[in-house]
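The following questions and answers introduce the aromatic side chains of a protein and its surface. Please consult the sequence and the structure while reading.

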Amino acid sequence: MSLYVEAHIAADLDELWARTQEPSQHQRWDLRFTEIDYLPQVAGEPQHFRYGTRVLPFVTIAGTGISAGEKRRPDGTRTSALRFASPHPLSLLQEGSGYWRYVPAPDGGVRFLTGYDYRPRWGRFGACADRALFRPLMGWATAWSFDRLRLWLERGITPERQLLHALGEVAFRAGCVLAAVLAAPVVALAVLALAFLVPPLPVTPAARRCLRTPPPRTRAPRILTTLQEQPS
């Protein structure tokens, strides 16, 4: 998988599973989605779902997908896999697949990790735009969202309040840079560097707190292979 994100979350495994598997909870913390809805499920078939991401006030990029989970595994871990696609002409992401793994940590808590990849549309232009901008943005958004989920579970700070914290910090840092430019242009570059380098407050999500490089010999779960054979 081309994108990998891992977070250590000091929370109960069942609670983490619920916050990530229930659409009404998932869409609250995941920056990549505005809405997620499960479609009626046929017994013995994977779960079909519909998702949407609002990119402008009146523009929502929608798509569909299928998912399947393994809630009880002999080693105590859990796995969820999905395949997704978007026919929307404005969506750079054409189709892809990925997984979530829930691994109980020896020191308590859960290693919550994801690996996913996708195929961009728009030919060569799309491939270049994806490599230069969209893929790094998706990686950052995934890591930021994972830390947002961690703060929700560990500290009880709702995703909505965390967003206010983040916007407030961005506004404060931008204000400091602007003030330096107006009052002391000589030190403006130093203030700008500090605005980027100083870590966010503990109550504000930060992508930098997540692991972004997969451990050696990381493999996609077997359930993803079987899911690939299903129509979305």
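Q: Which residues are linked into a cluster by ring pairs?
A: The model is a predicted one. It holds 11 aromatic pairs. Ring pairs create a cluster whose members are Trp-17, Trp-29, Trp-100, Tyr-102, Phe-112 and Phe-146.

Q: What kind of aromatic pair do Tyr-102 and Phe-112 form?
A: A pair of aromatic rings is described by the distance of the centres and the angle of the planes. For Tyr-102 and Phe-112, the centres are 5.1 Å apart and the planes meet at 40 degrees. Planes under 30 degrees apart would count as stacked and those over 60 as edge-to-face. The pair of Tyr-102 and Phe-112 is therefore tilted.

Q: How many residues apart are Tyr-102 and Phe-112?
A: Tyr-102 belongs to strand β6 (residues 93-104), while Phe-112 belongs to strand β7 (residues 110-120). Both Tyr-102 and Phe-112 are buried. Their pair links distant parts of the chain, and the separation is 10 residues.

Q: Which residue lies over the face of Tyr-118?
A: Arg-78 is placed over the face of Trp-17, 5.6 Å from the ring centre. Over the face of Tyr-118, at 4.2 Å from the ring centre, lies Arg-135.

Q: Is Phe-196 buried or exposed?
A: Phe-196 is part of helix α5 (residues 188-197). Together with Leu-189, Leu-192 and Leu-197, Phe-196 makes a nonpolar surface patch of about 470 Å². Because its relative accessibility is 62% and the cut-off is over 50%, Phe-196 counts as exposed.

Technical notes. Residues numbered from 1 in each chain as written. Predicted model: local features only at pLDDT ≥ 70, side-chain atom pairs only at ≥ 80, totals over all residues. Heavy atoms only, no water. Phe/Tyr/Trp six-rings, centres within 6.5 Å; stacked < 30°, edge-to-face > 60°. Helix = DSSP H or I, 4+ residues; strand = E, 2+ residues; numbered from the N terminus. Buried < 20%, exposed > 50% of the residue type's maximum accessible area, 1.4 Å probe, protein only. Lys NZ or Arg CZ within 6 Å of the ring centre and 35° of its normal. Patch = residues over 30% accessible without salt bridge, like charges linked within 9 Å, V, L, I, M, F, W, Y side chains within 5 Å. Areas by Shrake-Rupley, 256 points an atom, 1.4 Å probe, with all protein chains shown as cover. Salt bridge = Lys/Arg side-chain N within 4 Å of Asp/Glu carboxyl O.
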